Amino acid sequence: MSFLDELQQTIQRLEAEIGPAIVGLGRGWGGTGVVVGDGRVLTNAHNVRGDEVTVTFADGRRETGRVAALDVDGDVAVISADTAGAPAVAWRDDGDVRIGSPVFALANPAGRGLRVTFGLVSATGRSFRGPRGRRVPGSIEHSAPLVRGSSGGPLVDAQGRLLGINTLRLEGSLILALPADESLRQRTEALARGEAPASVRLGVAIAPPRAARRMRRAVGLPEREGLLVRDVLEPGPAASAGLEQGDLIVGAAGQPTARVDDLFRALDAAAGGTLELTVVRGVDERTVAVDLTAEREAA
């Protein structure tokens, strides 16, 4: 049997065996999800809007699913829905995914029909920024092509075992998938129980460092390393502490904040208590104490 014949048979087998586990989410371009247990659909958090979502199964059946819980920073969500008749995709136990490994991506964008594509793992241990800017590590980069609306669908091996959740399209049509490792399995179990992870938020939108330098230079202010506040969300910890649009955050907990990851580390270390920020407003530098307990879910 030739390689192409074997590949064709594998794709047809995956279509028949796990195709019914791939669901469409929402309407329009929507997104994709995968059944991972009875009444349980795993997808990306960025596919979810509100507490309910239309779930379309391979046989055309539509159900209203409810969001059990979200991990927005990790870009993962679990949806509760009637999955009767749809098999659950099995998790791959060893989690050993290497460069060159053959992989298959499945999608059902908003219920518009099943797609199955083939590719190879091109890199492992990749990272990207989640919906709220936090870095998500450990992703699988692969070449199985996907259309718009495919995020949240599974990446599987030739036996149909779950390797990852397709999440992000890169330049050159490469795809990043969240690894279906033990960490993701545990998070999925917790989300299915309605246990969303605690999220410590400052309540600001940050401009990219290059934009921050350009904007300060444009108004005649001296350049300085830091994070420029382009918006303050109300209500929120930053607004309560008196931060304003145009402030430059140059330090957090006594450490410089040259990159947004520096600020995230300080927020995590503060553990929802009080975080001292060093802020430059115009040319004046000041220290601001931010109470993070008042608004854990500020955007």
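How many bridges join strand 14 to strand 15? Some notes on that and on the rest of the fold follow.

1. To start with the opening question: strand 14 and strand 15 (residues 248-252) run antiparallel and are joined by 2 bridges. If you want a spot to look at, L228 has L248 in strand 15 as its bridge partner. Keep in mind throughout that this is a predicted model.

2. Strand 14 (residues 227-232) also pairs with strand 13 (residues 204-207), again in the antiparallel sense, and here there are 4 bridges. A205 is a handy marker for that pairing, since D231 in strand 14 stands opposite A205. As background, strands of a sheet pair through backbone hydrogen bonds, either parallel or antiparallel.

3. Next, the barrel. It is closed by 6 strands, and going round them the order is 7-8-9-12-11-10, with antiparallel pairing. From one strand to the next, the twist averages 50°. For the contact between strand 7 (residues 102-107) and strand 10 (residues 154-156), you'll find 2 bridges, antiparallel once more. A105 is the place to click there: the bridge partner of A105 in strand 10 is L155.

4. Helix 1 (residues 3-18) goes with the barrel in this picture. The helix lies across strand 7, strand 8 (115-129) and strand 10. Relative to strand 7, helix 1 runs at about 40°.

5. That helix brings in the aromatics. The structure holds 2 aromatic pairs. One of them is F3 with F118, an edge-to-face pair with 6.3 Å centre to centre and 65° between the planes. Because F3 lies in helix 1 and F118 in strand 8, the pair ties together parts that are 115 residues apart in sequence. F3 is exposed, at a relative accessible area of 55%, while F118 counts as partly exposed at 26%.

6. F118 has a ring partner in F104 too: the centres are 5.3 Å apart and the planes sit at 50°, so this pair is tilted. With F104 in strand 7 and F118 in strand 8, the pair ties together parts that are 14 residues apart in sequence. F104 is buried, with just 3% relative accessible area. Put together, ring pairs link F3, F104 and F118 into a cluster.

7. What about the hydrophobic packing? In soluble globular proteins, nonpolar side chains tend to be buried together. Here the largest nonpolar core has 39 residues, and L42 and V55 are the ones with the most contacts inside it. Strand 6 (residues 76-80) supplies the largest share of this core, 4 residues. There is also a second, separate core of 21 residues, which includes I249, A266, L267 and V279.

8. L42 deserves its own entry. Leaving out residues up to four places away in sequence, L42 touches G33, V34, V36, V76, A77, V78, W91, G152, I165, L184 and T188. So which residues would you list beside L42 as having the most contacts inside the largest core? That would be V55.

9. Last, a charge over a ring. R61 lies over the face of F57, at 4.1 Å from the ring centre.

How values were computed
Residues numbered from 1 in each chain as written. Predicted model: local features only at pLDDT ≥ 70, side-chain atom pairs only at ≥ 80, totals over all residues. Heavy atoms only, no water. Pairing = 2+ DSSP bridges. Core = buried A, V, L, I, M, F, W, Y, C linked by side-chain atoms within 4.5 Å. Buried < 20%, exposed > 50% of the residue type's maximum accessible area, 1.4 Å probe, protein only. Contact = heavy atoms within 4.5 Å. Axes fitted to C-alpha atoms, helices over the stretch in contact; angles between N-to-C directions. Phe/Tyr/Trp six-rings, centres within 6.5 Å; stacked < 30°, edge-to-face > 60°. Lys NZ or Arg CZ within 6 Å of the ring centre and 35° of its normal.
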